[in-house]
Amino acid sequence: GLRVVRAGGRFPVQAGAFRFAARRSGPRQALCRRGRPVHGGAVMIYLDSAATSLQKPRTVHAAMLNAMRTMASPGRGGHRPALLAAEAAYDCRALLADLFSAPGPENVVFTMNATHALNIAIFSLVKRGDRVVVSGWEHNAVTRQLHLIAADIDVAASPLFNTEAAAAAFREKIPGAKAVVCTHVSNVFGFVLPIYEIAALCREEGVPLIVDASQSAGLMEVDMARLGAEFICMPGHKGLLGPQGTGVLLCRENGRPLMAGGTGSESRNQAMPEFLPDRLEAGTHNIPGIAGLMAGAEYVRSHGAANIGAHERALMRRMARQLENVPGLEVFEAADDAAQAGVLSVRHERIGSEELGAELGRRGVCVRAGLHCAPLAHETAGTLETGTVRLSFSPFNTPKEIDAAAQQLKAAVKSLSDA
């Protein structure tokens, strides 16, 4: 069954926290007033944070600009700009290690994104023909890499929002597997899988675990020590509020290098260093990105991931309550608060998801429609042929925005139904 609850108050962020410069984009002017982007005079409501966070703490912008002005490359010189870069990279590693209970700063590897991190993790543990257990809610960042390796993919399928069934499916599949790769939260439906129970099952069977924390990092507890996972992969640009082009791989042990090249260490050695993080970080670091990531992670630490996640879930419930009686609209909402994060999918019985998403975009409401790079999740939920329209929330969305977006969605459905 479905349950609808009243949303709580807004997250404690000042409305004037953001100022974006005006930019010319083609023939139309894109502006931002009072922290809200504006297109053609209509206020834009951004509800696509599951793809990437658009609104960032202003400290993120400042940190990146400062890095571009003052920092060079870490490990590539003894001069002050190089040393400042090395200090920034180390400080970010230390913060992330503390935030996610990793063994130490050296166990924090910087990547381009979560997909890059997942590729390294899977490449480190899985070979051709190995049986790998995955949930029925995985992103293509997991499944395409496993297909590329020609692994034997064993899906622990379970019904949407049923955590007990999810745990039971993994309990049946894990024995004898080479590895388990599991998302913490579905990027399509916000389904929170019982990752700590799954991790305990992996430890009992001695099977290494890779966790995809793309939709949970910065929004709920992700504790590497408690999980005992071999690798945890996450983006910098979603819940951690950093810039695009940043990702994090938390490693319990040395991984297998996916790329080789300069590290600024052991330069006479033609093999990649044996120690972390250098073993998995070839080439020049994205220091402006790392600086911005640290500022975003600082924001998460100061406000609390659990508080941010609770705010997003409250907005999700508020939206679901307003949409539940829209004719022909199916709302995918869990009855159990703990089973769903701040992500809500809907679909209409007659209007195509992409058509509805495009109409919302024309009305200034930014959502994502289609299959969300997760066809396995849609197949498991029975939405593969239709896709869904996904609304996802951020710490900077307000109840007022949710109410306005709900009205626009209702108007869009009516307009398209009447056409």
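Leaving aside its neighbours within four places in sequence, which residues is Ile 232 in contact with?

**View 1. Surroundings of Ile 232 in a predicted model.** Once the neighbours within four places in sequence are set aside, Ile 232 is in contact with Val 211, Ala 213, Val 222, Met 224, Leu 227, Val 248, Leu 249 and Leu 250. Ile 232 also belongs to the largest nonpolar core, which has 66 residues, and is listed there with Leu 96, Phe 170, Val 180, Met 234 and Leu 250 as having the most contacts inside that core. Helix H8, which spans residues 287-303, gives the largest share of this core, namely eight residues. Apart from this core there is a second, separate one of 27 residues, and Val 365, Val 367, Leu 391 and Leu 416 are included in it.

**View 2. The open sheet of seven strands.** The strands follow the order S6-S12-S11-S10-S9-S7-S8, and their pairing is mixed. Strand S6 (108-111) and S8 stand at the edges with a single partner strand each, so one side of each has no neighbour in the sheet. From one strand to the next, the twist averages 20 degrees. Within this sheet, S7 and S9 pair in the parallel sense over three bridges, and the bridge partner of Val 134 in S9 is Val 181.

**View 3. Strand S12 and its two partners, S6 and S11.** Strand S12, made up of residues 247-251, is mostly covered, with five of its five residues buried. The cover extends to both faces of the strand, since Gly 247, Leu 249 and Cys 251 on one side are buried, as are Val 248 and Leu 250 on the other. With S6, strand S12 pairs in the antiparallel sense over four bridges, and here the bridge partner of Thr 111 in S12 is Gly 247. Strand S11 (residues 231-235) likewise pairs with S12 in the antiparallel sense, over five bridges. In that pairing Ile 232 stands opposite Leu 250 of S12, and Leu 250 is also among the residues in contact with Ile 232.

**View 4. An aromatic cluster built from ring pairs.** The structure holds five aromatic pairs. One of them joins Trp 137 and Phe 191 in an edge-to-face arrangement, with 5.6 Å centre to centre and 90 degrees between the planes. Trp 137 lies in the loop between strand S7 (131-135) and helix H4 (140-149), whereas Phe 191 lies in the loop between strand S9 (179-183) and helix H6 (195-205), so the pair ties together parts that are 54 residues apart in sequence. Trp 137 is buried, with a relative accessible area of 1%, and Phe 191 is buried as well, at 0%. Phe 191 forms another edge-to-face pair with Phe 161, for which the values are 5.9 Å centre to centre and 80 degrees between the planes. Because Phe 161 lies in the loop between strand S8 (152-156) and helix H5 (163-173), while Phe 191 lies in the loop between S9 and H6, this pair ties together parts that are 30 residues apart in sequence. Phe 161 is buried too, with a relative accessible area of 16%. Ring pairs link these three residues with Phe 189 and Phe 332, so that Trp 137, Phe 161, Phe 189, Phe 191 and Phe 332 form a cluster.

**View 5. Two arginines placed over aromatic rings.** Arg 226 lies over the face of Tyr 196, at 4.0 Å from the ring centre. Elsewhere in the chain, Arg 256 lies over the face of Phe 123, again at 4.0 Å from the ring centre.

**View 6. The open sheet of four strands and helix H9.** In this sheet the order is S13-S14-S17-S16, and the pairing is antiparallel. Strand S13 (329-332) and strand S16 (368-370) are the edge strands, each pairing on one side only. The twist averages 25 degrees from one strand to the next. S16 pairs with strand S17 (residues 388-392) in the antiparallel sense over three bridges, and Gly 370 stands opposite Thr 388 in S17. Helix H9, formed by residues 305-323, packs on the sheet and touches S13, strand S14 (343-348) and S17, while its direction makes about 20 degrees with that of S14.

Notes
Residues are numbered from 1 along each chain as its sequence is written. This is a predicted model: local features need pLDDT of at least 70, side-chain atom pairs count only at pLDDT 80 or more; totals for chains, interfaces and linings use all residues. Side-chain values use heavy atoms; hydrogens and water are left out. Rings of Phe, Tyr and Trp (its six-membered ring) pair if their centres lie within 6.5 Å; planes under 30 degrees apart count as stacked, over 60 as edge-to-face and the rest as tilted. Helices (H or I, at least four residues) and strands (E, at least two) are DSSP runs, numbered from the N terminus. Buried means under 20% relative accessible area, exposed over 50%, partly exposed in between (1.4 Å probe, protein chains only). A charge sits over a ring if NZ of Lys or CZ of Arg is within 6 Å of the ring centre and within 35 degrees of the ring normal. A nonpolar core is a set of buried Ala, Val, Leu, Ile, Met, Phe, Trp, Tyr and Cys residues joined through side-chain atoms within 4.5 Å. Contact means heavy atoms within 4.5 Å. Two strands pair if DSSP finds at least two bridges between them. Axes are lines fitted to C-alpha atoms, for helices over the stretch in contact, and angles run from 0 to 180 degrees between N-to-C directions.
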